[in-house]
Amino acid sequence: MATKPGSAARHGGAGLPGAVLAGAKSRRTRASGETLLGLKRRARRINKALAEQYPYAHAELDFRSPFELVVATVLSAQTTDVLVNQITPALFARYPDARSIAEAEPAELEAIIKPTGFFRAKARNLMALCTKLVDDFDGEVPGRLEDLVKLPGVGRKTANVVLGNAFGVPGLTVDTHFGRLARRFGWTESDDPVRIESDVAELFEPRDWTMLSHRVVFHGRRVCHSRKPACGACAVANWCPSYGEGETDPEKAKKLLKYELAPGQEELLAKLLAETHRAAEIRMESQRRPR
């Protein structure tokens with residue numbers, strides 16, 4: 001069933017502008033010639049195939065609380081989740097709550113987060129964010145999108161990450177991977193994250209949004225790469241209008257796979273498939289092993 005203009009807010013995290021939602025159907029139908037019903041069916045087949053491919057999909061930032069997740073997500077800008085996960089244990093041991101970061105010595109905070117890049121700007125954002133949390137929310141991360149986006153350094157993407165993964169509120173996380181794949185799948189034509197969010201939200205039930213985000217991002221990082229997607233090793237090739245943009249030879253495509261799907265990672269993949277409930281822990285263990 002299509003998400004009606006304005007209804008996303010009632011379901012939870014999206015809170016999308018009504019005019020943006022209302023225009024989604026006409027934009028896509030004109031662009032592809034595919035009916036909205038046909039597009040929904042194809043999109044949901046892709047989601048089902050990704051769910052089968054990645055039953056262990058999860059948030060790849062390590063966190064134990066909404067506070068840790070919002071901080072980690074701010075730090076993840078223009079760097080990798082793996083790198084953020086390497087520095088956050090020391091960060092949260094030194095600064096366990098919003099007040100401690102708000103009152104931190106900038107140079108000391110910068111030294112800890114320096115490996116993530118842009119560390120001076122990130123330190124300023126974190127201190128401003130935590131000051132706002134202390135002043136306006138008693139040091140607690142709020143569970144509403146309209147409050148989260150008022151925090152310094154927090155946009156819709158970060159807000160939806162926090163809502164979906166720390167509060168269980170449905171939300172679509174439109175990062176670079178999600179936007180790229182949404183366009184390749186024909187779910188949207190747009191480069192604008194808010195329009196992408198509205199286009200994709202119309203295709204799926206809100207209850208699917210958070211896990212869909214994880215699956216699409218997983219697929220983007222492992223298979224559907226920006227420069228050379230591994231089309232010949234893609235689980236959704238049958239339903240992808242962009243099939244052929246990358247390597248279609250199955251053997252050559254396999255060599256392009258990354259992370260647990262990459263050749264030589266069969267043991268890790270088997271463990272993830274066997275213990276999906278421990279996926280984040282297993283991933284962390286694999287990253288600690290010496291190379």
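**View 1. Helix H13 on the wall of the largest pocket.** In this predicted model, H13 puts eight residues into the lining of the largest pocket, and no other element gives more. It has company, though: helix H4 (66-75), helix H5 (81-94), helix H10 (156-166), helix H11 (176-184) and helix H16 (279-288) also hand over at least two residues each, as does H13 itself, which spans 209-222.

**View 2. Looking into the middle of that pocket.** The space here comes to about 820 Å³. Out of 38 lining residues, the ones nearest the centre are Asp 81, Asp 175, His 177, Val 217 and Arg 221. What is the make-up of the lining, by polar, nonpolar and charged residues? Polar residues account for 20, with nine nonpolar and nine charged ones making up the rest.

**View 3. The largest nonpolar core.** This core holds 40 residues, and Tyr 54, Phe 178, Trp 187, Val 200, Phe 204 and Leu 212 are the members that touch the most others. Two or more residues apiece come from helix H3 (36-53), H11, helix H12 (193-201), H13, helix H15 (266-274) and H16. H3 chips in the largest share, namely six residues.

**View 4. Tyr 54 and its neighbours.** Leaving aside residues up to four places away in sequence, Tyr 54 touches Arg 215, Phe 218, His 219, Arg 222, Val 223, Glu 260 and Leu 261. A separate core of 36 residues lies apart from the one Tyr 54 belongs to; Val 74, Ile 87, Leu 133 and Val 161 are among its members.

**View 5. The largest cavity.** Two cavities of 30 Å³ or more turn up in the model, and the largest has about 100 Å³ of space. Its lining runs to 14 residues, with Cys 224, Pro 229, Cys 231, Cys 234 and Cys 240 nearest the centre. By class, that lining splits into 10 nonpolar, two polar and two charged residues.

**View 6. Cysteines without disulfides.** How many disulfides does the model have? The count is zero. Cys 224 is in no disulfide, and the nearest cysteine sulfur, on Cys 240, sits 6.2 Å away. A pair has to have its sulfur atoms within 2.5 Å to qualify, so that spacing rules the two out. Is Cys 224 buried or exposed? Its relative accessibility is 8%, so Cys 224 counts as buried. Cys 130 is buried too, because its relative accessibility is 0%.

Definitions and conventions: Residues are numbered from 1 along each chain as its sequence is written. This is a predicted model: local features need pLDDT of at least 70, side-chain atom pairs count only at pLDDT 80 or more; totals for chains, interfaces and linings use all residues. Side-chain values use heavy atoms; hydrogens and water are left out. On a 1 Å grid over the protein atoms alone, a cavity is a set of points where a 1.4 Å probe fits but cannot get out, and a pocket is an open set with protein on both sides within 12 Å along at least five of seven lines; lining residues have an atom within 4 Å of a point. Grid points are joined across faces, edges and corners, and a volume is the space filled by probe spheres set on the points. Helices (H or I, at least four residues) and strands (E, at least two) are DSSP runs, numbered from the N terminus. Ala, Val, Leu, Ile, Met, Phe, Trp, Tyr, Cys and Pro count as nonpolar, Asp, Glu, Lys and Arg as charged, and the others, Gly among them, as polar. A nonpolar core is a set of buried Ala, Val, Leu, Ile, Met, Phe, Trp, Tyr and Cys residues joined through side-chain atoms within 4.5 Å. Buried means under 20% relative accessible area, exposed over 50%, partly exposed in between (1.4 Å probe, protein chains only). Contact means heavy atoms within 4.5 Å.
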